Amino acid sequence: ASTTVQFTGTKGLTGRNFDADEFTFTISGPKLTGDVEATVTKNAGDQLANITFPEITYTDEDLQGAVSKEFTYTIKEKDGGGLINGVTYDDTEYTVTVTVTNTGTGTLTPAVKVSKDGAAAVSVTGTTANNVTTYPLTNDTTFTNSYTESGKLTLKVGKTIEGRNWLENDSFGFTLAALTDGAPMPAGNGNQVTISTGTAGHIGSFGEIEYTADGTFYYQITET
């Protein structure tokens, strides 16, 4: 007698669309060799993908003469190590326990429980088709990644004096103001800069501005 199970999940990405090959999910445990990768199928037109792990088949020999036996697996996302800029990986880890029971009538019956990040295990109901029982890891999105665009810019201002040389106590202040509503600005007093006689090249730098979204932003620099 034998029985075959398969686990499935979904993967979401917020912030942009994705290609299926960008992300990898693995399962490890009994009857598998190392970390086995799942198949990721992208749904057209949205930010959701289906994750399908390989089938696992159990036979009478796997029970080693016992009436039932547990087989435990670990499922997680493989961190790309920052290869995809701007993406935060999901470090959720699922522990899946399959209990295979010999019914005594010539069949083996599987029962599956899933634990998320060490929480209490929950029984999962499977659907059988073509002699394979498929179990969803969750009823909602199994793994979620987020994408955030970002960039940084430092604006500079220079000061020249015509008609005379710089004097020892010369000092000039400049202020940076946003002309576009909601335009990112430097933190704290970073919108102000002073250029004095001793300032290198008579060029001052405003504070760093961080951008987290596309757009066109206008600024004004005035001498104060």
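How far apart are the mean positions of the positive and negative charges of the protein? They lie 2 Å apart, with 13 positive and 27 negative charges counted. The model behind this value is predicted.

**Overall shape**

The protein has a radius of gyration of 30 Å. A compact globule of 224 residues would come near 17 Å. Along the principal axes, the C-alpha atoms fill a box of roughly 105 × 35 × 25 Å.

**Global values**

| Property of the protein | Value |
|---|---|
| Residues counted as buried | 34% of 224 residues |
| Exposed area | about 12900 Å² |
| Share of exposed area from carbon and sulfur atoms | 45% |
| Contacts joining residues at least 24 apart, among those at least 6 apart in sequence | 64% |

**Secondary structure**

Strands number 21. Alongside them stands one helix.

**Strand β6 and its partner**

Strand β6 covers residues 56-59. Which residues form its covered face, and which its uncovered one? I56 and Y58 make up the covered face. T57 and T59 make up the uncovered face. In a regular strand, side chains alternate between the two faces of the sheet.

Strand β6 pairs with β1, which spans residues 2-14. The sense is antiparallel, and the pairing runs over four bridges. One bridge can be named: T3 has Y58 of β6 as its partner. Y58 thus appears twice in this picture. It sits on the covered face of β6, and it is the bridge partner of T3.

Note on methods:
Residues are numbered from 1 along each chain as its sequence is written. This is a predicted model: local features need pLDDT of at least 70, side-chain atom pairs count only at pLDDT 80 or more; totals for chains, interfaces and linings use all residues. Side-chain values use heavy atoms; hydrogens and water are left out. Helices (H or I, at least four residues) and strands (E, at least two) are DSSP runs, numbered from the N terminus. The radius of gyration is taken over C-alpha atoms; the globule rule is 2.2 Å times the number of residues to the power 0.38. Buried means under 20% relative accessible area, exposed over 50%, partly exposed in between (1.4 Å probe, protein chains only). Contact means heavy atoms within 4.5 Å. Accessible areas come from the Shrake-Rupley method with a 1.4 Å probe; for residues, only the protein chains shown count as cover. Lys and Arg count as positive and Asp and Glu as negative; His and the chain ends are not counted. The place of a charge is taken as NZ of Lys, CZ of Arg, CG of Asp or CD of Glu. Two strands pair if DSSP finds at least two bridges between them.
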